[in-house]
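Grab a pencil and work through these short exercises with the model open beside you. Each task comes with a solution, taken step by step.

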Amino acid sequence: MSDVEARAFFLKGESYCNFDLPPYFEFDALLAKLSGILAGKNLGTMLSGNPRDYDQLNHTILNNKDGRFAWRPLQLTHPALYVSLVHHLTEPANWDLLQKRLVFFAKNPQIQCLSLPVESQSTQQDKAEQVLQWWQEVEQRSIELSLEYEYLAHTDITDCYGSIYTHSVPWALHKRSVMKRTENRGNPAFLGNVIDHHLQDLNQGQTNGIPQGSVLMDFLAEIVLGYADFILSTKLKKCQIDDYKILRYRDDYRIFANHPTHCEEIIKAISETMYFLGMKLQPSKTGITSEVIRHSIKADKIDWIGRKQFEKDLQKHLVLIHDLSRKHPNSGSTMRALHEFHRRLLRHKDNIPNVRPQISLVVDIALNSPKVYATIAAIISKLVCSIKDVSERSEILFKIKKRFDRVPNTGHLQVWLQRISCHHEKGIEYPEALCKLVEGRTVQLWNSDWISSKKIKSALSPTKIFNKKIFNELKPIIQSEEVQLFESHSL
């Protein structure tokens with residue numbers, strides 16, 4: 001991309017928020033407005049305080065990972081800081097530097113990064129294109145490499161985004177030895193320091209961790225991880241290990257070699273590299289195998305391929321998916337199976353039998369698979385609408401909410417539950433701020449007390465991201481195009 005194309009890409013709503021929300025939440029107009037206000041200007045001249053001194057700059061939506069106490073924070077980063085950072089990155093000279101560094105990091109053809117953000121050239125979402133990229137470049141390439149290598153090792157980084165050291169960004173862009181000099185630390189003449197400064201502003205001055213939930217942060221993570229690729233390449237050259245291939249997709253490493261000790265030495269080198277950058281590997285997800293093809297394909301996919309995937313009876317079909325989700329929670333195969341079930345359900349015109357048991361099954365699937373919240377909501381919307389009695393609908397919706405109330409950190413799920421219940425039962429309230437916004441209540445998504453510009457504060461009104469017209473036009477039954485990533489069955 002050129003710098004102009006990159007700026008337009010990062011300022012798209014789906015780049016700012018790359019997790020699933022109902023279509024009545026829109027960010028394009030907000031980002032465009034802020035970009036216009038900040039064009040040619042420095043956000044630093046429009047402040048009344050230091051953003052690091054303020055709590056709740058970003059809006060955090062909590063996403064439960066296992067139905068119990070594991071959770072992931074998805075963040076809508078403060079739009080003013082987000083746009084300011086995009087502007088700095090996409091200044092022509094800065095964008096040129098970033099591209100050159102990424103090319104430099106990729107000099108070793110034996111270590112391939114396959115996770116740089118991509119833009120869809122079709123009508124499909126960028127996110128769909130990214131998933132397709134993983135399938136083609138990681139899974140299919142891994143199978144091909146079984147012709148050349150006898151062993152495959154897997155490993156990944158523990159809490160990657162949460163443990164990225166922000167100072168490692170300037171190290172990556174300008175060399176660590178240069179940035180360690182006293183006169184260069186914090187010097188805004190270096191792009192790396194500008195990025196580091198923004199990241200700390202977004203995190204109360206902390207130097208550990210970057211927000212999750214946007215393509216921009218995925219890109220910044222790739223700068224650090226690309227730097228790690230370069231360090232790793234240097235280490236392996238010193239160890240005189242040259243018969244190997246590494247495919248990296250974000251924080252996930254697939255290591256191919258013809259001797260198990262080479263796999264072990266490479267994992268050791270990756271671990272040392274991560275320690276140098278303040279990160280560490282997950283022991284539970286690290287292993288070596290000689291079954292290259294079998295372990296190139298995810299276990300959930302192999303399991304689902306080997307199972308009976310379809311039943312004429314709707315409930316039995318759902319039981320098959322429920323069993324898959326228990327063995328492989330939060331997996332891509334569970335998501336794809338639910339997409340197929342949803343398509344089938346939408347084609348069902350007659351009365352749907354056993355609605356309550358089916359609702360219970362899909363709710364139980366959602367409890368430990370947050371990836372499928374949107375599709376689960378779509379399935380429930382169809383099942384609920386098949387109930388003719390209005391009071392029975394309300395009763396079921398209250399029971400669903402009560403069931404999920406027992407699970408901590410489900411703000412993301414609440415947004416989708418509201419998408420279902422708003423057509424049937426107005427009395428259900430959800431504590432998530434985005435839900436309150438839909439209800440017409442006053443909320444503060446981003447703390448902007450540190451900004452002096454009235455124009456920016458006006459542009460940041462949360463009401464700007466809620467499209468009431470789209471909300472009013474949505475039908476009670478959620479259609480495929482609202483929740484499904486791909487437009488066809490091809491993948």
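**Exercise 1.** Work out what share of the residues of this predicted model counts as buried.

*Solution.* Start with the cut-off: a residue is buried when its relative accessible area is under 20%. Apply that to the 491 residues of the protein, and 53% make the cut. Now flip to the outside: the protein exposes about 22,600 Å², and carbon and sulfur atoms supply 50% of that area.

**Exercise 2.** Decide whether the radius of gyration agrees or disagrees with that of a compact globule.

*Solution.* First, the expectation: for 491 residues, a compact globule would come out near 23 Å. Next, the model: the protein has 24 Å, so the two agree. For the extents, the C-alpha trace spans about 70 × 60 × 40 Å along its principal axes.

**Exercise 3.** Find which residues touch the most other members of the largest nonpolar core, and which helix gives that core its largest share.

*Solution.* The core has 142 residues, and F10 and I456 are the ones that touch the most other members. Helix α11 (residues 215-238) supplies the largest share, with 14 residues. Then zoom in on I456: skipping neighbours within four places in sequence, its contacts are L34, I37, L38, L43, M46, A80 and I451. Finally, look for another core, apart from the largest one: this has 10 residues, including W134, V138, Y249 and F256.

**Exercise 4.** Count the helices and strands.

*Solution.* Go through the protein and you get 24 helices and seven strands. As for how the chain comes together, take the contacts between residues at least 6 apart in sequence: 75% of them join residues at least 24 apart.

Note on methods. Residues numbered from 1 in each chain as written. Predicted model: local features only at pLDDT ≥ 70, side-chain atom pairs only at ≥ 80, totals over all residues. Heavy atoms only, no water. Helix = DSSP H or I, 4+ residues; strand = E, 2+ residues; numbered from the N terminus. Rg over C-alpha atoms; globule rule 2.2 N^0.38 Å. Buried < 20%, exposed > 50% of the residue type's maximum accessible area, 1.4 Å probe, protein only. Contact = heavy atoms within 4.5 Å. Areas by Shrake-Rupley, 256 points an atom, 1.4 Å probe, with all protein chains shown as cover. Core = buried A, V, L, I, M, F, W, Y, C linked by side-chain atoms within 4.5 Å.
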